[in-house]
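Good morning, colleagues. Please take a moment to look at the chain on the screen before I begin.

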Amino acid sequence: MSSPAEHAADLPGYAHVYSGKVRELYAPIDPATGLASQDALLLVATDRISAFDYILDSEIPDKGTVLTQLSLWWFEQLVDIIPNHVISAESPQVPEAVAGRAVLVKRLDMVPIECIGRAYLTGSGLAEYRETSSVCGVGLPAGLVDGSLLPAPIFTPTSKAPIGQHDQPMTFAEVTAMVGVPMASSVRDLTIAILARGNEIAAGRGILLADTKVEFGLDPARPDADGNPSIVLADEVLTPDSSRFWPAASWSPGRAQDSYDKQFVRDWLTSPASGWARSSGEAPPALPADIVEATRAKYVEAFESLTGRSFG
Ligand code: Q0N
C-alpha cells in the first residue's frame, strides 16, 4: 500500500511535516539551532494528479509549477480583499530543487473549516439541493439543475475530515458555534468575495469557476484594528485543484459539465481503452502519454488564459 508520505522527497535543511494528496509541507530548519521553524512553512506542489478520488500513478509534467504560479497570480489579484500567507516564492527562501513549485509561507493558526464557495450548482451541493432544496442551510430557488448559475455565490462550509474520508457539510450556525459569529461571518464573506472576484476576472477568459475551497489562518503576529489576530488567506487559491474549472464555451446546465483540466483523464479512464471499471474498487491504470500531454496542455492553457502570461 502506497501512502503519500512515501512520495515526500528529502529536502536538505527542511523537515517534512505533512503530505497531502498532491502537495507536501516542510518546515525550514534553523541552521543555528537545528530546530524546525515555528514561523514558516514550505508548501511544495507536486505533479501528482487525482481522479475519481484516486491519486494516479502517472504524474503531469509541470503541473506543480503551473498551479503554484497560478495561485501566486491569484493572491495578487485578491490582495485588496485579503492578505495572504506568502513570504517568498524565490531562491534562496525556496530551494532550487523545488524552484517554481514551492512557496515559503507564514505559519498561521489555521481556521479548522473548509471554506467552500459555490457560484454554480453541482457535485455534493447538487445532491443536497435535490434532497432538501438547500445546501448547508442556504435555501435555494426551485428548478435548479446540474450546472445552474446560482442567484448569488453561497458559502457551503465543511468540517475537515482525515485523508480518505469525505468532509462533512456544516451549517453556518455550526460554524459560528466553532469559531464565533464575527469569525464565521468574516470567512463566509471573504469566501464569497474571493469566488466573485475570481469569476469577474475569469469571465471573458473562457473559464467558469463553479466552486472553490479556500482556507484561512490567523496571523498571531499581526493583530487587526480591534486587537484580534488578522485573517490571512492560506493554502492555494483558485487553482484547478481547489476549484472546479469549467470551459465557458461548453457550459450547458442540465447535464454534467466538462472539466476544464481533467476531462481527457476522466474520458480515458471511463473508456473501454483503459480496461478499468470505476466500480471495481481497483486503482486506475497509468495514463497513456498522449493523455498526459493533453492534460499538461490544459493546465498550461488555463494559466495562460487567466493570467495573460506565457508559461515558460
Ligand atoms: C496548513 N494545511 C492544510 C498542504 C496544505 N500557512 C499555513 N500555516 C500553518 N498551517 C498551514 C498553512 C498553509 N497553507 C494548511 N495544513 C497546514 C492544507 N494542506 C493541504 C495539503 O497540502
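Is Arg118 buried or exposed? With a relative accessible area of 5%, Arg118 is buried, because the cut-off for that class is under 20%. I should say at once that what you see is a predicted model.

Let me stay with this arginine and introduce its partner. Arg118 and Asp211 form a salt bridge through their side chains, with an N to O distance of 3.8 Å. This pair links distant parts of the chain: Arg118 belongs to strand E9, residues 113-120, while Asp211 belongs to strand E15, residues 207-214, and 93 residues separate them. Asp211 is buried as well, its relative accessible area being 6%.

Asp211 also meets Arg244 in a salt bridge, and here the N to O distance is 2.6 Å. Again the pair links distant parts of the chain, with Asp211 in strand E15 and Arg244 in strand E18, 33 residues apart. Why is Arg244 classed as partly exposed? Its relative accessibility is 34%, and the class covers values between 20% and 50%, so Arg244 counts as partly exposed.

I turn now to a serine that touches this aspartate. Ser242 sits in the loop between strand E17 (229-233) and strand E18 (243-247). Its relative accessibility is 11%, so Ser242 counts as buried. Once neighbours within four places in sequence are set aside, Ser242 is in contact with Asp211, Thr212, Lys213, Glu236 and Val237. In addition, the side chains of Ser242 and Ser243 are joined by a polar contact of 3.1 Å.

One of the residues in contact with Ser242 is Lys213, which leads to a further group of charged side chains. Lys213 and Glu215 form a salt bridge, their closest N and O atoms lying 3.1 Å apart. Through salt bridges that share partners, Arg23, Glu114, Lys213, Glu215, Asp235 and Glu236 are joined into one network. Within this network, Glu215 is buried at a relative accessible area of 9%, whereas Lys213 counts as partly exposed at 22% relative accessibility. The count of salt bridges comes to 15.

Let me now step back to the domains. How is the chain divided by the domain assignment? The assignment gives domain 1, residues 4-106, and domain 2, residues 109-250. Their C-alpha centres lie 22 Å apart, and the contact takes 25 residues from domain 1 and 25 residues from domain 2.

The size of an interface is often given as the accessible area lost when the parts come together. Here, domain 1 and domain 2 bury about 2100 Å² between them, with 65% of that area on carbon and sulfur atoms. On the side of domain 1, Trp74, Ile81 and Ile82 lose the most area to domain 2, together 28% of what that side buries.

Polar and charged pairs take part too. Between the two domains the count is five salt bridges, and 10 residue pairs are found in polar contact across the interface. On the side of domain 1 that touches domain 2, the elements giving two or more residues are strand E1 (14-19) and helix H1 (63-77). Helix H1 supplies the largest share, eight residues. By residue class, that side of domain 1 divides into 13 nonpolar, six polar and six charged residues.

Thank you for your attention.

Terms used: Residues numbered from 1 in each chain as written. Predicted model: local features only at pLDDT ≥ 70, side-chain atom pairs only at ≥ 80, totals over all residues. Heavy atoms only, no water. Helix = DSSP H or I, 4+ residues; strand = E, 2+ residues; numbered from the N terminus. Buried < 20%, exposed > 50% of the residue type's maximum accessible area, 1.4 Å probe, protein only. Polar contact = N/O pair within 3.5 Å; in protein donor to acceptor, adjacent residues only side chain to side chain. Contact = heavy atoms within 4.5 Å. Salt bridge = Lys/Arg side-chain N within 4 Å of Asp/Glu carboxyl O. Domains from an automatic or database assignment. Buried area = accessible area lost by both parts, 1.4 Å probe. Nonpolar A, V, L, I, M, F, W, Y, C, P; charged D, E, K, R; others polar.
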